[in-house]
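Hi,

Here is the structure I said I would pass on. Have a look at it, and then read on for what turned up.

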Amino acid sequence: MWRFFLVWLVLASSVGYAVYHLKYEVARKERVLTQLNRQILADQESMQVLKAEWSFLNQPQRIEETARIHLSLEPLTVKQITKIAALPLRAQPLPPLAPPV
C-alpha cells in the first residue's frame, strides 16, 4: 500500500514540476514572439520610408537636374549619333574571370 502511494506521489510531483516548467517556458516564448513582432513592424516601417525615399530620388526630373548641375551633361545632338562600327576597338582584351570559390 505504501509503495502504491509513493509511486503516485512521485508521479504527481513529476507532473507538477513538468507543468510548472512548461508554463514558464511558454511565457518566455511569448516574450520572444512579442519582441520579434515588434522588430518586424519596425522593419516594415523602415522599408516604407526607404521606398518613399527611393521614389523621390528616382524622379526623372530630379535626376536630370542633378546630372545637369554636377556632371555638366548636355542633351545628345545628332552629330554625336554614329554607327557601332565607327567606335574604336578595345586596346587589349580583358583578363579571364576568376573561377568562383
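Phe-4 counts as exposed, because its relative accessibility is 56% and the cut-off for exposed is over 50%. Bear in mind as you read that this is a predicted model.

Phe-4 also has an aromatic partner. Searching the whole structure gives two aromatic pairs. One of them joins Phe-4 and Trp-8, with 6.1 Å from centre to centre and 75 degrees between the planes, so it goes down as edge-to-face. Both residues belong to helix α1, which covers residues 2-57, and they sit four residues apart, about one turn of the helix. Trp-8 is partly exposed, at a relative accessible area of 47%.

The other pair is Tyr-20 with Tyr-24, again edge-to-face: the centres are 4.9 Å apart and the planes are at 65 degrees. Why is about one helical turn the separation here? Because Tyr-20 and Tyr-24 are four residues apart in helix α1. Tyr-24 is partly exposed, with 46% relative accessible area.

Now for the other helix. Helix α2 takes in residues 60-71, and its 12 residues should span 16 Å at 1.5 Å a residue. The C-alpha atoms at its ends are 15 Å apart, which agrees with that expectation. After α2 comes Ser-72, and its phi is positive, near 55 degrees.

The segment after α2 also holds Pro-75. Is Pro-75 buried or exposed? Pro-75 is exposed, since its relative accessible area is 69%, against a cut-off of over 50%. Try finding Pro-75 and Trp-2 together in the viewer: they are 73 residues apart in sequence, and their C-alpha atoms are 101 Å apart in space.

That brings me to the overall picture. The secondary structure amounts to two helices and zero strands. For 101 residues, a compact globule would have a radius of gyration near 13 Å, whereas this protein has 35 Å. Along the principal axes, the C-alpha atoms fill a box of roughly 110 × 40 × 20 Å.

What about burial and surface? Just 1% of the 101 residues count as buried. The protein exposes about 10800 Å², and 68% of that comes from carbon and sulfur atoms.

Last, the charges: there are 12 positive and 8 negative side chains, and the centres of these two sets are 10 Å apart.

If you only have a minute, start with the two aromatic pairs, then follow the chain on to Pro-75 in the segment after α2.

Cheers

Technical notes: Residues are numbered from 1 along each chain as its sequence is written. This is a predicted model: local features need pLDDT of at least 70, side-chain atom pairs count only at pLDDT 80 or more; totals for chains, interfaces and linings use all residues. Side-chain values use heavy atoms; hydrogens and water are left out. The radius of gyration is taken over C-alpha atoms; the globule rule is 2.2 Å times the number of residues to the power 0.38. Buried means under 20% relative accessible area, exposed over 50%, partly exposed in between (1.4 Å probe, protein chains only). Accessible areas come from the Shrake-Rupley method with a 1.4 Å probe; for residues, only the protein chains shown count as cover. Lys and Arg count as positive and Asp and Glu as negative; His and the chain ends are not counted. The place of a charge is taken as NZ of Lys, CZ of Arg, CG of Asp or CD of Glu. The expected span of a helix is 1.5 Å times one less than its number of residues. Rings of Phe, Tyr and Trp (its six-membered ring) pair if their centres lie within 6.5 Å; planes under 30 degrees apart count as stacked, over 60 as edge-to-face and the rest as tilted.
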